[in-house]
Amino acid sequence: HELYDGRCQICLWNPCEKYGSNLCQGHHIHWLSRGGADTLENMVLVCPNHHAAIHKCDAVFDYGDMAFVFPKYRGVLQINSHI
């Protein structure tokens with residue numbers, strides 16, 4: 001949360017400005033349940049909508065353009081200073 005001021009790295013939504021609370025969530029790029037590491041380099045900060053969509057669509061992360069690949073959308077990281 002500190003690294004990105006609580007903003008979603010994909011859509012830049014900042015719940016702290018509107019609600020005064022950190023509502024974005026950490027997501028493991030390579031899921032822990034699939035053998036991913038619990039490290040900062042394996043995490044992104046995303047809003048609840050993007051987090052739910054990543055899981056529902058089983059979106060993979062493309063390191064080439066730093067984006068989650070959905071069936072009809074590429075969720076490109078708009079801010080990134082740690083991956």
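Helix H2 (48-57) has three buried residues to look at, His50, His51 and Ile54; buried here means under 20% relative accessible area, exposed means over 50%, and partly exposed is in between (1.4 Å probe, protein chains only). This is a predicted model, so local features need pLDDT of at least 70 and side-chain atom pairs count only at pLDDT 80 or more, while totals for chains, interfaces and linings use all residues. Residues are numbered from 1 along each chain as its sequence is written, and side-chain values use heavy atoms, with hydrogens and water left out. Helices (H or I, at least four residues) and strands (E, at least two) are DSSP runs, numbered from the N terminus.

**Helix H2**

- His50, His51 and Ile54 cover an arc of only 105 degrees around the axis, so they sit on the same side of H2; the arc is that of the directions from the helix axis to the C-beta atoms.
- As background, an α-helix has 3.6 residues a turn, so residues three or four places apart point the same way.
- On the other side of H2, Asn49 and Lys56 are exposed.
- The cover over the buried residues of H2 includes E1, E2, E4 and E5.
- Just after H2, aspartate 58 takes a positive phi of about 50 degrees.

**The sheet**

- Three strands make an open, antiparallel sheet in the order E3-E4-E5; two strands count as paired if DSSP finds at least two bridges between them.
- Strand E3 (60-62) and strand E5 (73-76) are the edges, each pairing on one side only.
- From one strand to the next, the twist averages 30 degrees; axes are lines fitted to C-alpha atoms, for helices over the stretch in contact, and angles run from 0 to 180 degrees between N-to-C directions.
- Strand E4 (residues 67-70) pairs with E5 in the antiparallel sense over 4 bridges.
- In that part of the sheet, phenylalanine 70 stands opposite tyrosine 73 in E5.

**Salt bridges**

- The count comes to 3 salt bridges, taking one to be a side-chain nitrogen of Lys or Arg within 4 Å of a carboxyl oxygen of Asp or Glu.
- Aspartate 58 turns up again here, meeting arginine 34 in a salt bridge (2.8 Å, N to O).
- Aspartate 58 lies in the loop between H2 and E3, and arginine 34 in the loop between strand E1 (25-28) and strand E2 (43-46), so this pair ties together parts that are 24 residues apart in sequence.
- Both ends are partly exposed: aspartate 58 has a relative accessible area of 38% and arginine 34 is at 47%.
- Aspartate 62 forms a salt bridge with arginine 74, with the closest N and O atoms 2.7 Å apart.
- Aspartate 62 lies in strand E3 and arginine 74 in strand E5, so the pair ties together parts that are 12 residues apart in sequence.
- Arginine 74 also meets aspartate 65 in a salt bridge (3.0 Å, N to O), and Asp62, Asp65 and Arg74 are thereby linked in a network of salt bridges.
- Each member of the network is partly exposed: aspartate 62 at 30%, aspartate 65 at 31% and arginine 74 at 38%.

**Around asparagine 14**

- Asparagine 14 lies in the segment before helix H1 (15-19) and counts as buried at 13% relative accessibility.
- Its side chain reaches the backbone nitrogen of cysteine 16 at 3.1 Å.
- Leaving aside neighbours within four places in sequence, asparagine 14 is in contact (heavy atoms within 4.5 Å) with Asp5 and Arg7.

Notes: Polar contact = N/O pair within 3.5 Å; in protein donor to acceptor, adjacent residues only side chain to side chain.
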